[in-house]
Amino acid sequence: MSRPANSLKKRLIWQILVFQVVLLSAVIAGFMALLIRADLGGKILDADAASVAAGAIRSAPGGGLALVETPELKAMRSTSPDFWFVARDEHGDMIRSGPVPDAYRSISEHLDRVTYGDIRDAAEPYTLSAVIRTVTTESGTYTVLSGAGRLWSALFAVFFLMNLLLLPIVLIVVLIPAFAIPIIVRRAFSGLAEMVDQAQKIDVDRRGARLPDHRIPGEVRPLVEAFNGALQRLDEGYERRQRFILDAAHELRTPVAILQTRLEGMDAGPLRNRLLIDSNRIAGLAEQLLDLERIDRDGADFGQIDLVSLCRDVTADLAPLALSAGCELSFATGTERVVVRGDTGAIERAVTNLVRNAIEHAGGLITIRVERGGVIEVTDEGPGIPERERERIFEPFHRLQPRDHGAGLGLHLVSEIIGRHKGHISVVDDPSGGACFRISLPTG
């Protein structure tokens, strides 16, 4: 099944995701606005200063700590001549470098109890901005109090750190729902998918079908109930129509039988033959209407049918009628037995209707042929059927010529009978001229 261009499922998924992103963006923007209004002020020292200091510390051979002028330390001193730090290792040994402000001398004595800190100086030239970090290098682990390095605006630093923290959160909040929401929506729509599958199985030839209403969202349930109500009304209307047709067909059988009996008692002549043909057509039409009712009962009357024997009997039964109409009727087969499953009476009357149609409209030599594979062909020597009309002739009430006698139901009823047997009927050109009606019935 092709997916509609305006997919409700896709709309729900994208709208939920867009709403989530917009809401998250609004929260972040509000938080940033709150920080701006808070006016943090001051400058924060870059934490790289502590790492540069720790990287220049080594253990002295005689004990204690020694300072090595590493390239990083030299670069730091060149950019910040007042760079200073105090470091303490795990054993309590300490080392100082640079002009340590008096405000931090007492703090440096307690670095064993402080491992992390950011101290912001609110007044220029921000000489009291400092950081405390615990840094592990190849020579050991040190707690470093350092200052006079690269300075950052406090607001910028908070924004930077906040982005570092929010980026994973945003990715989690957006990406996980991007995978989870389609699954959730798909599960919510699973009942609708089941309903669509059931709707595709509804067949005009099978009444009583209804759409399932379980696992259907409450918003869609009224639509399902309305659709089932429409199916119920269609079934009731179809049943009323069927009862009328069947009652009419049953009522016709008795007067038609009486009429045929009286016609057979008439003196032979063209009028008698014409009236017999017309009465037989009426009788055949009534029987075909009854055939449709019998086939609608899910193949209750189906059994094994030998098409060769059936068509041979039809040829024998219709030979006098063909002769009286000036036609010649013959039977041909390429095999002794072709067995299919179906309603013997219905298939017999379908073939009979094709032969009668040929007698009335074509004339000349009419041949009934049975081939392997459940194929029956009825050919004639008439003018044939135009290719543009070969599909329409099976429509009800369709006639090739406006003045053709008959109601235009014969071929439609044949098509219905063959269709209910899961077969196929078509019209092709006969090699000898005329039309060839080909019936194909399943043999399995």
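Colleague: How do the axes of α10 and helix α11 come together, and at what angle do they cross?

Modeller: Keep in mind that this is a predicted model. In it, the axes of α10 and α11 (residues 410-420) come within 9 Å and cross at roughly 150°.

Colleague: What makes α10 and α11 roughly antiparallel to each other?

Modeller: The cut-off is that angles over 145 degrees count as roughly antiparallel. The crossing is at roughly 150°, so α10 and α11 are roughly antiparallel to each other. As for handedness, α10 passes α11 in a left-handed crossing.

Colleague: Which residues meet where α10 and α11 touch?

Modeller: On the α10 side there are Ala-346, Ile-347, Ala-350, Asn-353, Leu-354 and Asn-357. They meet Gly-410, Leu-411, Val-414, Ile-417 and Ile-418 in α11.

Colleague: Now for α9 and α10. At what angle do they cross, and why is α9 called oblique to α10?

Modeller: Helix α9 (residues 307-324) and helix α10 (residues 344-361) have axes that come within 10 Å and cross at roughly 40°. Roughly parallel needs an angle under 35 degrees, and roughly perpendicular covers 65 to 115. The angle fits neither of those classes, nor the antiparallel one, and that makes α9 oblique to α10. The crossing of α9 and α10 is right-handed.

Colleague: Which residues of α9 and α10 meet?

Modeller: From α9, the list includes Leu-307, Leu-310, Cys-311 and Val-314. Among their partners in α10 are Ile-347, Val-351, Val-355 and Ile-359. Charged names turn up as well, including Asp-317 in α9 and both Glu-348 and Arg-356 in α10.

Colleague: Cys-311 again. Why does Cys-311 count as buried?

Modeller: Buried means under 20% relative accessible area. Cys-311 has 0% relative accessibility, so Cys-311 counts as buried.

Colleague: And how do you know whether Cys-327 is buried or exposed?

Modeller: Cys-327 has a relative accessible area of 6%, which is under the 20% cut-off, so Cys-327 is buried. Over the chain, 38% of the 444 residues count as buried.

Colleague: How many disulfides does the structure hold?

Modeller: Zero.

Colleague: Let's turn to the strands. What is the strand order in the open sheet, and which are the edge strands?

Modeller: Five strands form it, in the order β5-β4-β8-β7-β6, with antiparallel pairing. The edge strands are β5 (94-97) and β6 (117-119), since each pairs on one side only. From one strand to the next, the twist averages 20°.

Colleague: What packs on that sheet?

Modeller: Helix α2 (residues 48-55) does, touching β4, β7 (130-137) and β8 (140-147). The direction of α2 makes about 45° with that of β7.

Colleague: How do you know that β4 and β5 pair, and how many bridges join them?

Modeller: Pairing takes at least two bridges. Four bridges join strand β4 (residues 84-89) to β5, so the pair qualifies, and the two run antiparallel. Within it, Ala-87 stands opposite Ile-95 in β5.

Colleague: What makes β16 a partner of both β14 and β15?

Modeller: The bridge counts, with at least two needed again. Five bridges join β14 (residues 375-379) to β16 (residues 435-440), and six join β15 (residues 424-429) to β16. Both pairings are antiparallel. Thr-379 stands opposite Cys-436 in β16, while His-424 stands opposite Ser-440.

Colleague: What do β15 and β16 form, and what is the phi of Gly-433?

Modeller: They form a hairpin with five residues between the strands, and Gly-433 in the turn has a positive phi of about 100°.

Notes
Residues are numbered from 1 along each chain as its sequence is written. This is a predicted model: local features need pLDDT of at least 70, side-chain atom pairs count only at pLDDT 80 or more; totals for chains, interfaces and linings use all residues. Side-chain values use heavy atoms; hydrogens and water are left out. Axes are lines fitted to C-alpha atoms, for helices over the stretch in contact, and angles run from 0 to 180 degrees between N-to-C directions. Contact means heavy atoms within 4.5 Å. A disulfide is a pair of cysteine sulfur atoms within 2.5 Å. Buried means under 20% relative accessible area, exposed over 50%, partly exposed in between (1.4 Å probe, protein chains only). A crossing is left-handed if the near helix is turned anticlockwise from the far one by less than a right angle, and right-handed if clockwise.
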